[in-house]
Amino acid sequence: MPGWDLHTHSTDSDGTTTVEDNVVRAVQLGLDGIAVTDHDTMAGVDRAEAAAAGTGLAIVAGTEFSAELDGVSVHVLGFWTDSQDPALADEMDRLRNERRRRAQQIVEKFNGLGIAVSFERVEELAGNAPIGRPHVAAAVVEVGAAASTREVFDRFLADGGPANVPKHAVHPVRAVELLQDAGGVAVLAHPGLFGSRTGDVMPDAVIEDMAAAGMTGIEADHPDHSDAQRRRYRDMAAALDLVVTAGSDYHGSTKEQALGAATVATAVVEALRARRNRS
Ligand code: AMP
Ligand code: FE
Ligand code: FE
Ligand code: ZN
């Protein structure tokens, strides 16, 4: 299976497989490359590169960066970002602390709903990764209050859900600036999932502002997008001169999609790379 999967997670955030596992799997699949895009960290990139050395698999050093619009999550992928960039590193550190604080509040909400999860167990499940809602969801499944992560999100944890607490994050335009100032390109991840619980649609004006701030691409091709959403964001990409990207958003066993479930051709990676640091 030739092509590049530009959106993957590992145990360095809320995936269930290690970056090394992902590299082995990608090589087995015959992929040309994968982007390592864990939430608000680039901690796994060096290990992914070491694992891929000599295999022919290319690694795009990246992250999936958290932003928010009035309490609703917006994710922005950064490719070829420098993890040492001070402003980006500061915001990632702040997000790590913010995620911890917020997970404690979510645990309290579950406790208030009579579900006896403990923050210590959530921390254990997260290990060294920034704590995400899937870690809390796994703890809720463990105590028998739901059958699956998906059920926990549907009943409690989606944006606007009764146990959710939003994390404070930057505006999406600021996210674009931070990723670009760190030498990377910024790509709006899965715009169709915005406010999926409430049926909200991400405002066009915000996507236009992100494009005006120098955003490079938009992930129109995501496994959770409907055909109508794919068409909508492809049209928007054409209108705003954005590169259309694809990625599986692989998370191991916490989500259904397989590694390599959505890929782009090498020409797309080259088009992204050519726009690095475009002013
Ligand atoms: P957080 O980064 O803590 O805000 O959590 C967001 C993460 O939760 C996403 O990156 C997904 O991995 C996961 N997630 C969001 N919605 C769902 C859902 N409906 N089912 C399963 N996982 C989800
Ligand atoms: Fe995730
Ligand atoms: Fe995401
Ligand atoms: Zn993702």
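User: How do the residues of the shell around ligand 1 divide into nonpolar, polar and charged?

Analyst: In this predicted model, the shell holds two nonpolar, five polar and six charged residues. Among the 13 residues around ligand 1, those that come nearest are His39, Arg99, Arg102, Arg133 and His251. Arg counts as charged, so Arg99, Arg102 and Arg133 fall in the charged class.

User: What makes the approach of Arg99 to ligand 1 a polar contact?

Analyst: The cut-off for a pair of N or O atoms is 3.5 Å. An N or O atom in the side chain of Arg99 is 2.9 Å from an oxygen atom of ligand 1, so the pair qualifies as a polar contact.

User: Which part of Arg133, and which part of His251, lies 2.8 Å from an oxygen atom of ligand 1?

Analyst: For Arg133 a backbone N or O atom lies 2.8 Å from a ligand oxygen, whereas for His251 the atom at 2.8 Å belongs to the side chain. Both pairs are within 3.5 Å and are therefore polar contacts. Taken alone, ligand 1 exposes 500 Å², of which the protein buries 86%.

User: Which helices supply at least two residues each of the shell around ligand 1?

Analyst: These are α3 (86-112), α5 (133-142) and α6 (149-157).

User: Which pocket corresponds to the space taken by ligand 1, and what is the volume of that pocket?

Analyst: Ligand 1 takes the space of the largest pocket, whose volume is about 900 Å³. Of its 36 lining residues, Arg133, Phe153, Leu193, Ser196 and Lys255 are the closest to the centre. Two or more lining residues come from each of β4, α3, α5 and α6. By class, the lining has eleven nonpolar, eleven polar and 14 charged residues.

User: Why is the space of about 70 Å³ called a cavity and not a pocket?

Analyst: In a cavity a 1.4 Å probe fits but cannot get out, whereas a pocket is an open set. The space of about 70 Å³ is the largest cavity, so the probe cannot get out of it. The count comes to one cavity of 30 Å³ or more. Gly71, Val72, Ser73, Pro166 and Lys167 are the closest to the centre among its 14 lining residues. The largest share of the lining, four residues, comes from β4.

User: Which element gives the most to the lining of the second largest pocket?

Analyst: That element is α5, with three residues. The second largest pocket has a volume of about 160 Å³, and its lining comprises four nonpolar, six polar and one charged residues. Asp14 is among the lining residues; Asp counts as charged, so Asp14 is the one charged residue.

Definitions and conventions. Residues numbered from 1 in each chain as written. Chains lettered and ligands numbered in written order. Predicted model: local features only at pLDDT ≥ 70, side-chain atom pairs only at ≥ 80, totals over all residues. Heavy atoms only, no water. Near = heavy atom within 4 Å. Polar contact = N/O pair within 3.5 Å; in protein donor to acceptor, adjacent residues only side chain to side chain. Areas by Shrake-Rupley, 256 points an atom, 1.4 Å probe, with all protein chains shown as cover. 1 Å grid on protein atoms, 1.4 Å probe; cavity = no way out; pocket = protein on both sides within 12 Å on 5 of 7 lines; lining within 4 Å. Sits in = over half its atoms within 2 Å of the grid points. Points joined across faces, edges and corners; volume = space filled by probe spheres on them.
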